[in-house]
Amino acid sequence: MRPSDFAVVAASLGVAVLFASACVVKLDHEFDSSGTADGGESNADAAVAAGCRALPGVASLTGDLRSIAIGDDTLFLSEHASSIDGAAFLVRAPGADCAWTATPLGDVIDPSPIRADAIVAPMDLVATDTTVALYYTLYVPDSSAAFGIRSIGIGLAPRDAMTGHFVPTNELLWSADRAPYGGSALRVGDLVYVYGCVTSGFLADDCYVARVSASSVASVAAYAYFDGSRWTANADASAAIVQSAGSANVRYDAASARFVMTYVPPLASTIVARTAFAPEGPWSVPTALASCDLAAAGAGAFCAGAHQHAVAGVPRGSVAVTYAAATFTPGGGSSGPMDAFAPRLVVLPIP
């Protein structure tokens, strides 16, 4: 496939089709605009031919995915993992008959000790010196707020190695008036970089970055913030590193020795990338990578996410990205095809 062909990749894989109890279709298939593999066989047909069955609970999965390597497995979490059964699962590669095997985990996020009625909404995952930790937004019921809930801040939930559950601490790291650091989390050596994007105007988001020692991620006092030229302990001095970026996700690409940021601009339908030689930038101008597949999501649907995943089978110089369709139409998430709002996964070349 030529690099220019990726601009028309619209036939992405729904998780309801991709993941199965025994196996999943390989991620390094190249797709043309008709949605078939190079040999002309659809991914659904390939899954059936391999004897795959639907993974229980995944058919109703919505929201974008985050992931992290844990031993030989990759742990995937949906942003709705605390409210939808089956939204957390382990993937292992390779299998004898198929590329991967997937294991559903059920509910792996414990309730917050701060409020019994609060909702723990997962953000990104990162490896610390002792475990894997999950950044999350804590929402509480509020009938006067949009969608009936409002954020009260950002917290951290280390993973308990015995139970496999993420256990929120009894304090939040940042209040809701701060940038939601942890929307993307990246470890570089002994440091963890956390990114957060906040609305700054109509269809505009500003994104910020903070960093902390991997041994001190649970202490808000240990974080430093980038002010545009240096790192400072003053969170009020932080400066936007990119603008109009939606929810930015950053990973390191060893092949190009660059950091790659992917995102979808607010209410848009195109996956965009920027690159930099340092986690804080400066960042290149945005480059469009691919259009999101929104055909089945109905009029007014838009794209969200564009989070990167370290998975087997991705060609060198490419990146595996998931996104999900979203809509403001009442009932839109339940009135369309079953997998219209399920996460999609595409493999795209790094610009």
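This is a short walk through some strands, one buried aspartate, the aromatic pairs and the disulfides of a predicted model.

Okay, let's start with the strands. Strand β16 covers residues 249-253, and 4 of its 5 residues are buried, so the rest of the structure largely encloses it. Its partner is β17, residues 258-263; β16 and β17 run antiparallel, with 5 bridges between them. The two make a hairpin with 4 residues in between, and Ala257 in that turn has a positive phi of about 55°.

Carry on along the chain and you get another hairpin. β17 and β18 are antiparallel too, joined by 5 bridges. Here 6 residues sit between the strands, and the turn residue with a positive phi is Leu267, at about 60°. If you want a register marker, Met261 is opposite Arg274 in β18.

β18 itself, residues 270-276, is mostly covered, with 6 of its 7 residues buried. β18 also pairs with β19, residues 287-291, again antiparallel, over 4 bridges. For that pairing, look at Val272, whose bridge partner in β19 is Ala288.

Now, back to β16 for a residue you may want to click on: Asp253. Which side chain of opposite charge is nearest to Asp253? That's Arg258, but it is 5.4 Å away, and Asp253 is buried with no salt bridge. Why no salt bridge? Because the cut-off for one is 4 Å between a side-chain nitrogen and a carboxyl oxygen. What makes this a bit fun is that Arg258 is also the bridge partner of Asp253 in β17. Setting aside neighbours within four places in sequence, Asp253 contacts Arg258, Val260 and Ile350.

Next, the aromatics. How many aromatic pairs does the structure hold? There are 7. One of them is Trp174 with Tyr181, a tilted pair with 5.1 Å from centre to centre and 50° between the planes. Trp174 has a relative accessible area of 4%, so we call it buried, and Tyr181 is buried as well, at 2%. Then there's Tyr193 and Trp231, an edge-to-face pair at 5.8 Å centre to centre, with the planes 65° apart. That one links distant parts of the chain: Tyr193 is in strand β11, Trp231 is in strand β14, and they are 38 residues apart. Both Tyr193 and Trp231 are buried. There's also a cluster, where ring pairs link Trp174, Tyr181, Tyr223 and Tyr225.

Last topic, the disulfides: we have 2 of them. In one, Cys197 and Cys207 have their sulfur atoms 2.0 Å apart. This disulfide joins distant parts of the chain, Cys197 in β11 and Cys207 in strand β12, 10 residues apart. It is right-handed, with 105° about the S-S bond, and both Cys197 and Cys207 are buried.

Cys292 and Cys303 form a disulfide too, with a sulfur separation of 2.1 Å. Left-handed or right-handed, this link of Cys292 and Cys303? The S-S torsion is about -70°, so it is left-handed. Cys292 lies in the loop between β19 and β20, while Cys303 is in strand β20, 11 residues apart. As for accessibility, Cys292 is at 8%, so it counts as buried, and Cys303 is buried at 3%.

That's my tour, so over to you for questions.

Definitions and conventions: Residues are numbered from 1 along each chain as its sequence is written. This is a predicted model: local features need pLDDT of at least 70, side-chain atom pairs count only at pLDDT 80 or more; totals for chains, interfaces and linings use all residues. Side-chain values use heavy atoms; hydrogens and water are left out. Buried means under 20% relative accessible area, exposed over 50%, partly exposed in between (1.4 Å probe, protein chains only). Two strands pair if DSSP finds at least two bridges between them. Lys and Arg count as positive and Asp and Glu as negative; His and the chain ends are not counted. Contact means heavy atoms within 4.5 Å. Rings of Phe, Tyr and Trp (its six-membered ring) pair if their centres lie within 6.5 Å; planes under 30 degrees apart count as stacked, over 60 as edge-to-face and the rest as tilted. A disulfide is a pair of cysteine sulfur atoms within 2.5 Å.
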